[in-house]
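Open your viewer, keep the selection box handy, and let us walk through this structure stop by stop. Each stop tells you what to select and what you will find there.

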Amino acid sequence: MSAQKSEKALEIVVFPMLSDNYGFLIHEPLTGATAVVDPAEAAPTLAACDARGWRLTHIFNTHHHGDHVGGNLDLKAKTGCTIVGPAYDRDRIPGLDIAVDEASGADLGNRHAKVFFVPGHTRGHIAYWFAEDAALFCGDTLFALGCGRLFEGTPAQMWQSLLKLRALPDETRVYCAHEYTQSNARFALAAEPENVALQQEVARVNAARAKGEFTIPSLLGREKACNPFLRADAPSLQAHFGGAGMKDADVLGAIRAAKDRF
Ligand code: ZN
Ligand code: FE
């Protein structure tokens, strides 16, 4: 069983774009379907496909920001790929072909991704979860040791969104869209200095960056233990950022505000 499963496992490639964005290729080997998640630019996406002999068939967008959809129209013109993105933001996704939501999910070859509606960073942000492959593509909602800024949503929306992602299994690999981990780590340590798991994680992250390695994907189990934005209901963070009558979402808002000023 396990050998059979690995034979048809999704192949996932991480490649950098712009100054600190990551794009991800998802290749489904049985049908050859290949998606790029959040292509900031066309050229590095096509180069990553060419290096593996894969033909781009889909774009999966998480949200409308330019550093996530910048390559959409160029890639569609050059490859004829199908663009998949959030139904709630259908007017802000260039070239959108298939609008998806939590009810529809999203298809790639013989795989079906569950779609989570995760507003907060933007009002229509979604994440894609491939359960069999334990892979989560969450754009700018959840970062390694951080979360996205609240440009269009409220702390309550972001907290609900983060709770949806926190409910996934510990072994889930978190493919987030930016290499922000080291600066997130500095804030996380300031917010929760006594967290031993976090101290160990920061040492691991700093060692990886010193060698020029990507810190993405992260592991959800580690994020649950270390990421202050997934831990707004933890006693240590409530003691630091909470107060009388504050809900967990308010504490999340206070942590986010402190990070904005950090
Ligand atoms: Zn964004
Ligand atoms: Fe971004």
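Select strand 9 (residues 126-130) together with strand 10 (135-139): the two run antiparallel and are joined by 3 bridges. Strands here are DSSP runs of E with at least two residues, helices are runs of H or I with at least four, and both are numbered from the N terminus. Two strands count as paired if DSSP finds at least two bridges between them. This is a predicted model, in which local features need pLDDT of at least 70 and side-chain atom pairs count only at pLDDT 80 or more, while totals for chains, interfaces and linings use all residues. Residues are numbered from 1 along each chain as its sequence is written, chains are lettered from A and ligands numbered from 1 in the order in which they are written, and side-chain values use heavy atoms, with hydrogens and water left out.

**The hairpin and its neighbours**

Within this pair, pick tryptophan 129; its bridge partner in strand 10 is leucine 136. The hairpin has 4 residues between the strands, and alanine 134 takes a positive phi near 50° there.

Now add strand 13 (residues 173-176), which runs parallel to strand 10 and is joined to it by 4 bridges. Alanine 135 has arginine 173 of strand 13 as its bridge partner.

Is strand 10 enclosed or open to the outside? It is largely enclosed by the rest of the structure, because 5 of its 5 residues are buried. Buried means under 20% relative accessible area, exposed means over 50%, and partly exposed lies in between (1.4 Å probe, protein chains only). Colour Ala135, Phe137 and Gly139 on one side and Leu136 and Cys138 on the other: both faces of strand 10 are covered.

**The whole sheet**

Widen the selection to the 6 strands of the open sheet, which come in the order 7-8-9-10-13-14 with mixed pairing. At the edges sit strand 7 (106-108) and strand 14 (218-219), each of which pairs on one side only. Strand 7 pairs with strand 8 (residues 111-117) in the antiparallel sense over 3 bridges. To see this pairing, select alanine 106 and find alanine 113 opposite in strand 8.

**The two metals**

Next, select ligand 1, the zinc ion. Which residues coordinate the zinc ion? His63 (NE2), His65 (ND1), His121 (NE2) and Asp140 (OD) do so, at 2.2 to 2.3 Å. Donors are N, O and S atoms within 2.8 Å of the metal (3.2 Å for Na, K and Ca), and sites may look incomplete since water is not among the atoms. Along the chain, the zinc donors follow the spacing H-x1-H-x55-H-x18-D.

The 4 donor atoms around the zinc ion subtend angles of 86 to 171°, so the arrangement is irregular. For reference, four donors are tetrahedral if all angles lie between 85 and 135 degrees; four are square planar and six octahedral if opposite donors are over 155 degrees apart and all others between 65 and 115; anything else is irregular.

Show ligand 2, the iron ion, as well: its protein donors are Asp67 (OD), His68 (NE2), Asp140 (OD) and His178 (NE2), lying 2.1 to 2.4 Å from it. In sequence these donors are spaced D-H-x71-D-x37-H. Angles of 83 to 167° between the 4 donor atoms make the iron arrangement irregular.

Centre on aspartate 140, which bridges the two ions, 3.2 Å apart. Aspartate 140 is buried at 4% relative accessible area. Among the other donors, histidine 65 counts as buried at 17% and histidine 68 at 0%.

**Helix 10**

Move to helix 10 (residues 248-261), whose end C-alpha atoms are 20 Å apart. This agrees with the 20 Å that its 14 residues should span at 1.5 Å a residue; the expected span is 1.5 Å times one less than the number of residues. Its buried residues pack against strand 12 (146-147), helix 5 (155-166), helix 6 (181-191) and helix 9 (235-241).

One of the buried residues of helix 10 is Arg256, with a relative accessible area of 4%. Leaving aside neighbours within four places in sequence, arginine 256 is in contact (heavy atoms within 4.5 Å) with Cys147, Gly148, Arg149, Leu150 and Phe229.

**Last stop: cysteines**

A disulfide is a pair of cysteine sulfur atoms within 2.5 Å, and by this rule the count is 0. Select cysteine 49: the nearest cysteine sulfur, that of cysteine 81, is 9.2 Å away. Cysteine 49 is buried at 1% relative accessible area. Finish on cysteine 226, whose sulfur is 14 Å from the closest cysteine sulfur, in cysteine 176, too far for a bond.
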